[in-house]
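Let's take a walk through this one together, a chain at a time. Have the viewer open and follow along.

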Amino acid sequence: MKRVFVDLDRCLGCHSCMIACAVEHSLTKELFKAVQETPLPKTRIEVKTTEGGGSFPLQCRHCEEPYCIDACIAGAIRKDPETGLVLSDEKKCVGCWMCVMVCPFGVIRPSLIPDRREKVAIRCDLCQDRETPACVEACPTDALFFGEAEEFKKAVMSRARRRENALLNSG
Amino acid sequence: MRYLIVGNCAAGVNAIEGIRRLDKDGEVTVISNENSLAYCRCLITEYVMGTRRKEDILYREKEFYEKNRVNLILGKEVVRVDVSKKRVILQDNNSLSYDKLLIATGATPKSLGIKGEKKYGVFGFRTLSNAEEVIKIGEQVGRVVVFGGGLIGLKAAYGLKKRGIDVDVMVKSSRVLSQVIDTEAAHIIGRWLQENGISIRTGIAPQEILGDKEVEEVILDNGERVRTKLVIIGKGVMCNTSLIKNSPIKTHWGILTDDFLQTNIEGIFAAGDVAETRDIATGNRTVNALWTAACEQGKIAGMNMVKMIKRYPGSIGANSADFFGLPLISVGYVRVKEEGYEQLIKSNPKEFKYKKVVLKGNRLVGFTAIKDIENAGVYTALIRKKVDVSSVKDILLEDYLDYPKVRELLEEKEGLRESISMQGETIKIA
Amino acid sequence: MDKAKKRSIDRASQYMLERADKENILTAWDRLETMQPQCGFGQLGICCRNCSMGPCRIDPFAEEEQTGVCGASRDTIVARNFIRMVAAGAAAHSDHGRDITHALWLAAQGKADAYGIKDEEKLKTLAREYNVKIDERSKEEIAEELAVKIFAEFGRQHGEIRMPLRAPEKRIKLWRELGIMPRGVDREIVETMHRTHIGVDNDYKNILMHGFRTALSDGWGGSMIATDLSDVLFKTPEPILARSNLGTLSPDEVNVVVHGHEPTLSDVVVDVVRDPEIVELARKKGAKGVNLVGMCCTANEILMRHGIPVAGNFLQQELAILTGAVDLMMVDVQCIMPALSSVASAFHTKLVTTSPKNKAPGVTHIEFKEEEAYEIAKKIIKMAVENFPNRNGNDIHIPDENQDLVAGFTAENIYNFLGGTYRATYRPLNDAIIQGRLRGLAGVVGCNNPKIKHNFGHVEMAKELIKNDVLVVVTGCSAIADAEAGLLTPEAAFKYAGKGLQEVCEAVGIPPVLHVGSCVDNSRILIALTNVVLEGGLGEDISDLPVAGAAPEWMSEKAVSIGCYFVASGVFTVLGNPFPILGSKNVTNFLCNEVENLLGGRFAFEADPVKAAHLMIEHIDKKRKVLKLKPLMYH
């Protein structure tokens, strides 16, 4: 199952992923117009900080056994049997915040979205309309990776090996 | 294998999914005394508000039962469980046999225990038919009385107020939500509701309901008389255990269950508002009559009916609400009455902001937040996992307490639904 | 070829882009693609690196208002960043002006014999303006004193600089009322840096008004000085025929490309390539001679004055080297891509930097000094000639495109032209506008930017404007774009212009698009507009005129300064890409709306050149209406 992984060593905390996510979820999907929309579009990924001061981009993990599905009193969340994605139907959401209350990652946030007068719970939907999620494409250092867990592990390992070799070669 | 489920709401529907996850072929039958397909009970507030129609609040799509090959029997009440013969007896004297049984009959609103309670115009606020009646009468009279300041009472009041019907909430204790959150938080919510037009009176209980066949007037315990045609009662619920009254199945407040949600009788399980489980925060046995708990229990009980493979970690008191745009979240043990607990509070009543954490030793056992509720789930996870939070104690009340700050604490523990340690957010290579 | 066609409308450039692709040589277009997506914070102007408490960024999508660590609001951050761009652009122009003044000063003292006083009349006019005595003095004496007085403008501490006093009375009064009369050329730039330092100006309008003042110290200061003194030193241009585009490179002559901005370098080279010693050397090396071409603004300088061919504009600089036919490219300052050294390394082309302000690692640097101008230039040209035999004969690809053009229009000679043969006056121009034969005037200027299809913005806009009987004046890379599209020829009037403009062009023998010079020569447009006002019948101030400005493919900070001095002079100015200010609604609203009430000019952003042309036409029509001019003859 394709997910977004983070090579934390590469994340510089620039927040470009957040801008790209917000623009992707705006009505106009263009940066200059998105900043003028009402309500302003909201990012589904957030760059948090770790205790040590490092950056940590965080979005819905699309858990195997999601807490949020059990908590949703509107039955608005489901796990797609094929893709494994945990998807919220924003139209069904009543803004009760049960999902916010149980998500251990804190990646569901109350937000205003177009066509809804009151806030609803929003989360990362892995950009269903795109081949690659907007955040991954926007990342200037390739810290964000979209693919299978095995592919990610391989990519990170080979990056580390290249780094080591470069260090050895530079003497 | 014949699986029989009594009850077709949160616990029942999730039990169907739990069973079907492990057994695609066994026969699954569900009996419900309601005439409708499973609906989201909590959304009757939105139904009253007018923001959702009946068809919008179905819990699963219409084809759900067919897709899962469930034999659904609606409108029939189970009155007795014959444990030795492994069958249930219905109101019309028919019976159904089972190999494995799940009792998910839920709970019923408690009555006030006063004269005149049975007149037409007195309703609990639990079912869709309750909601329909409430709307019908409420729109006629324009003013309604709600007894009870718990979440049910307040949600009923909120729904009606948003629909344009005035409400008087009357509460026995000195504040609303007295069984849910602490005094200070309760006062913040109470004040907010009042500022938004819901009248709240404290220290008052109903004494008698007057009227012919219909409600006309209520006499309060201070002697005052209130003219009204609609009385809503939100005074808690009682588990529907009458069907096992004369059976060997043990009950207390609710049906007693073990770590696998099995009752003292092998092959008979209980889940949902009818079940009594261990509370993670307090360690005591209790009935946490919450939609979330019912879903979790239903799913696990369903799986265990096929094969005893999943332990239920325990229930947790977890409530959330949003009144006029002010969110409230409360988890675990927050109304501290005993010694041995530490409470850290950050309160700004002027801005209707409140945050509290309750610690027992080094463990987080309770959390309340009003207004700034992002990351609430992180606290819930800390409570569930019973981790030692001393390393983050000084930032527990900060808005920036989030998952990355406590990641190491949570990921050490196994089995947080296998969902955190997967995905390997980082693979650090030295 | 499809990719190339998407990147440029010019066939020569398309051909070279195809070649770049085949040879795997990266160009600015490729680098733009790899840079995507570009930082949203930067694009919106809401990133601040002015102090070490940062770097700070404002989240444009947050619910609550954010500020930088120091407390600066997004308005302050955006405004500060903006005026620093203005200052950088003004600095480039003004430093160029300073260098020309320095050359004049040296020449006047006989210390730099490559230079002389070529336009004595203009010298005297300036001398009168600066209160320099001219009776019974040699031109060198006059020039020396003038140069010293003009130097003083740069360092002026009290009072006002002089050239803004050329503007219409009403305009000067307005600038004084608003407190934005420039006080000293360098001073305004210094104050910009000061005000934008952490913990100084925190009011976006105050910041932006100083930005306008800084721009004015450029347009009516540094740039104007550069233009006027270049005219004195190198001659005031007259209409002249020439050719443009990469086809001006020669297959059998030594090709020398001079690229950059300052004519103190390029004008000398014009003479050097005719030096008999050089010509002889070239023949010895097997070349038929030496072919000098220019790129960017320095090209415009020697084009306007000497008819030297212009091989291309900003985005074509790498493409020129890609022909394989450039034996030497000599550069001075501004708009010179660092990428040139790596492109040149794939060919025999020698790249030489000449200014102490512009060096590049691994690139030959031969420092140009005015005192030894001719000798140093000769040295460099010799290198070019010596390099001719190193051409890889099989690998030369010079496109055919080699378009005719007419350039050399100035504020002074437009008058001569439009005045008819015996009277120099703007009257016929004004009358044409008043009568409705001409709708109005437009200035289309500025750079190239790979974000806009190369030359498309300039050419389509110019065509749309002239179709609607707007006489267009152009400078810089925009002029070169129009040249390459054939718009700078009288014939273009018949192909593309509306009937009214056609009639004017036919009567006077001019193209519908008039090339008035390099980027510092945008100051010529300011003078022309002033002359139109003074001639009468079209209002009392530049902001009354039915005119508009545009920079459809702007890229550099110089363009920001130019845009600001035009707006500050009362001209509605449309830009292709927006300024990096959209992160602040207030700043955007101020620059695109409110400022019109203060300065009579404002900005608009429109990337589609035809739509932008119509914004300008609408504006021009509005002004015509207010002036109660006769309806248009042909629309």
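In chain B, the centres of domain 1 and domain 3, taken over C-alpha atoms, are separated by 33 Å. Keep in mind as you look that this is a predicted model. The domain assignment splits chain B into three: domain 1 is made of two stretches, 2-108 and 237-306, domain 2 covers 122-233, and domain 3 runs over 333-412.

Now swing over to chain A. You'll find six helices and eight strands there, and if you read along the sequence they come in the order β-α-α-β-β-α-β-β-α-β-β-α-β-α. The C-alpha trace of chain A spans about 60 × 40 × 35 Å along its principal axes. Of the 171 residues in chain A, 50% are buried. What about contacts that reach along the sequence? Taking the contacts in chain A with a separation of 6 or more, 54% are between residues 24 or more positions apart.

For a close-up in chain A, pick out A:Glu148. This residue sits in the loop that links strand E8 (144-147) to helix H6 (149-169). Is A:Glu148 buried or exposed? It counts as exposed because just 12 other C-beta atoms lie within 10 Å, and the cut-off for exposed is 12 or fewer. Set aside the neighbours within four places in sequence, and A:Glu148 is in contact with A:Met1 and A:Lys2. For a sense of distance, try A:Gln36: it is 112 residues from A:Glu148 along the chain, and the C-alpha atoms of the two are separated by 36 Å.

Next, see where chain A meets chain C. Here eleven residues of chain C are in contact with 14 residues of chain A. On the chain C side, helix H4 (residues 40-44) gives the most, with three residues. Sorted by class, that side of chain C has seven nonpolar, three polar and one charged residues.

Stay in chain C and move along to helix H13, residues 296-306. How many of the residues of H13 in chain C are buried? Eleven of its eleven, as it turns out, so the helix is mostly covered by the cut-off of 20 or more other C-beta atoms within 10 Å. Among these buried residues are C:Cys296 and C:Cys297, C:Ile302, C:Leu303 and C:Met304, and the list also includes C:Glu301, C:Arg305 and C:His306. Just past the end of H13 in chain C comes C:Gly307, which takes a positive phi of about 70°.

Note on methods. Residues are numbered from 1 along each chain as its sequence is written. Chains are lettered from A and ligands numbered from 1 in the order in which they are written. This is a predicted model: local features need pLDDT of at least 70, side-chain atom pairs count only at pLDDT 80 or more; totals for chains, interfaces and linings use all residues. Helices (H or I, at least four residues) and strands (E, at least two) are DSSP runs, numbered from the N terminus. Two residues are in contact if their C-beta atoms, placed from the backbone, lie within 7 Å. Ala, Val, Leu, Ile, Met, Phe, Trp, Tyr, Cys and Pro count as nonpolar, Asp, Glu, Lys and Arg as charged, and the others, Gly among them, as polar. Domain bounds come from an automatic or database domain assignment.
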